[in-house]
Amino acid sequence: MSNPSGAFRFLVEIKGIEGVSGFSEVRGLQVETEFEEYREGGLNDYVHRFPKKTSSPPLVFKRGITESSKLWEWYSNVTMGKIERRQGSVILQRQDGKQLCRWDFVGAYPVKWIGSDLNAHGNEIAVETLEIVHQGLKTVYLTGG
């Protein structure tokens, strides 16, 4: 019997942007297929459902602000019309640190960068958020050890 992994054991890799790690949150690991309903005349037991297009929402990464400006530079290039599509992975780890599964994305580029709210009365860590769109998400389950 296999034990599920905690959702807090993960890594993010973005090809071409080395040294950017320590993400505290990832959102958008989702794939959805739209469907069309067709009601057949004289058939009242069920409705036919036919698949249409499949899509994924943007991926949203959050991490503490560090001395590395690589994420900002990737986004800034987009604002100047220089779109650099990248591939990457979100990797879920087992308790022993080995990979359990991964979500690979392709053709990704950033569409939004959010800096941290700053408040002299608080003690929260300054966080940056990067939102990327991509051309597809593939789940890969790893077996063995």
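**Strand pairing, core packing and salt bridges**

Glu-128 and Arg-63 are both buried. In this predicted model, the two residues form a salt bridge in which the closest N and O atoms lie 2.7 Å apart. Since Glu-128 belongs to strand 8 and Arg-63 to strand 5, the pair ties together parts that are 65 residues apart in sequence. This contact is a convenient way into the structure, in which a search of the whole model finds 8 salt bridges.

A second pair worth following is that of Arg-102 and Glu-13, which form a salt bridge with the closest N and O atoms 3.6 Å apart. Here strand 7 provides Arg-102 and strand 1 provides Glu-13, so the link ties together parts 89 residues apart in sequence. The two partners can be described by their accessibility. Arg-102 counts as buried because its relative accessibility is 16%, below the cut-off of 20%. Glu-13 has a relative accessibility of 34% and therefore counts as partly exposed. A network of salt bridges links Glu-13 and Arg-102 with Asp-104. Elsewhere, Arg-27 and Glu-25 form a salt bridge, with 3.5 Å between the closest N and O atoms. Arg-27 is partly exposed, at a relative accessible area of 41%, and Glu-25 is partly exposed as well, at 29%.

The strand pairing gives these contacts their setting. Strand 6, residues 86-93, is mostly covered, with 7 of its 8 residues buried. Strand 1 (residues 10-14) runs antiparallel to strand 6 and is joined to it by 5 bridges. Strand 7 (residues 99-114) also pairs with strand 6 in the antiparallel sense, over 7 bridges. Ile-91 of strand 6 makes a handy landmark: Ile-91 is the bridge partner of Leu-11 and stands opposite Arg-102 in strand 7. Arg-102 is thus met again, as the residue that forms a salt bridge with Glu-13. Strand 6 and strand 7 form a hairpin with 5 residues between the strands, and in this hairpin Gly-97 takes a positive phi near 90°.

Attention now turns to the interior. The largest nonpolar core holds 20 residues, and those touching the most other members are Val-12, Ile-14, Phe-61, Val-90, Phe-105 and Ile-132. At least two residues of this core come from each of strand 1, strand 2 (23-27), strand 5 (59-64), helix 1 (70-79), strand 6, strand 7 and strand 8 (127-133). Strand 7 supplies the largest share, 4 residues. For a closer look at one core member, Ile-132 is a good choice. Leaving aside residues up to four places away in sequence, Ile-132 touches Pro-58, Leu-59, Phe-61, Trp-74, Phe-105, Ala-108, Tyr-109, Pro-110 and Val-111.

Trp-74, one of the contacts of Ile-132, leads on to helix 1. The buried residues of this helix are Leu-71, Trp-74, Tyr-75, Ser-76, Asn-77 and Val-78. An α-helix has 3.6 residues a turn, so residues three or four places apart point the same way. The buried residues of helix 1 pack against strand 1, strand 2, strand 5, strand 6, strand 7 and strand 8. After the helix comes Gly-81, whose phi is positive, near 85°.

Note on methods:
Residues numbered from 1 in each chain as written. Predicted model: local features only at pLDDT ≥ 70, side-chain atom pairs only at ≥ 80, totals over all residues. Heavy atoms only, no water. Buried < 20%, exposed > 50% of the residue type's maximum accessible area, 1.4 Å probe, protein only. Pairing = 2+ DSSP bridges. Core = buried A, V, L, I, M, F, W, Y, C linked by side-chain atoms within 4.5 Å. Contact = heavy atoms within 4.5 Å. Salt bridge = Lys/Arg side-chain N within 4 Å of Asp/Glu carboxyl O.
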